[in-house]
Amino acid sequence: MIPHRILTLFFLLTLLSVPLHATQEVVNGMAAIVNGEIITFSQVRELAAAQEKSASELYHGDELQAKIKNVRQQAIKDLIDRALILQEFKKKEFTIPLLCD
């Protein structure tokens with residue numbers, strides 16, 4: 001797991017405390033900040049869209065709301081992990097050795 005010391009974030013309270021139908025009114029906003037890099041609500045929605053659509057075909061009411069909440073939480077975690085991995089990758093200088101005959 002990526003160390004949490006390099007992670008600064010605030011998220012989910014706004015996204016998850018607002019009813020699902022109200023979040024459609026929010027065009028964009030910050031879902032998390034990872035070492036100064038912003039992850040937006042639109043990125044979360046984009047990543048979660050396919051799973052939310054599938055969930056809406058299987059679940060209804062409160063069960064659907066809970067499933068969508070879980071899908072969005074996982075999407076935020078995935079986006080945070082991606083950002084941290086890319087940040088760490090950029091910190092290091094990787095070289096590919098050339099094979100000489």
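Which side chain meets that of Arg72 in a salt bridge? In this predicted model, the partner is Glu52, with an N to O distance of 2.8 Å.

## The Arg72–Glu52 pair

Arg72 belongs to helix α4 and Glu52 to helix α3, so their salt bridge ties together parts that lie 20 residues apart in sequence. Both side chains belong to buried residues: the relative accessible area is 6% for Arg72 and 15% for Glu52. Each value falls in the buried class because that class covers residues under 20% relative accessible area.

## The Glu88–Lys91 pair

The structure holds two salt bridges. Besides the pair described above, Glu88 forms a salt bridge with Lys91, and their closest N and O atoms are 3.1 Å apart. These residues are three positions apart in helix α4, so about one helical turn separates Glu88 from Lys91.

Glu88 counts as partly exposed, at 25% relative accessibility, whereas Lys91 counts as exposed, at 57%.

## The largest nonpolar core

In soluble globular proteins, nonpolar side chains tend to be buried together. The largest nonpolar core in this model comprises 14 residues. Among these, Ala31, Val34, Ile39, Val44, Ile76 and Ile80 touch the most other members.

Two or more residues of this core come from each of β1 (30–34), α3 (41–58) and α4 (61–91). Helix α4 gives the most, with seven residues. Helices α3 and α4 thus both contribute to the core, and they also carry the two partners of the Arg72–Glu52 salt bridge.

Key:
Residues are numbered from 1 along each chain as its sequence is written. This is a predicted model: local features need pLDDT of at least 70, side-chain atom pairs count only at pLDDT 80 or more; totals for chains, interfaces and linings use all residues. Side-chain values use heavy atoms; hydrogens and water are left out. A nonpolar core is a set of buried Ala, Val, Leu, Ile, Met, Phe, Trp, Tyr and Cys residues joined through side-chain atoms within 4.5 Å. Buried means under 20% relative accessible area, exposed over 50%, partly exposed in between (1.4 Å probe, protein chains only). Helices (H or I, at least four residues) and strands (E, at least two) are DSSP runs, numbered from the N terminus. A salt bridge is a side-chain nitrogen of Lys or Arg within 4 Å of a carboxyl oxygen of Asp or Glu.
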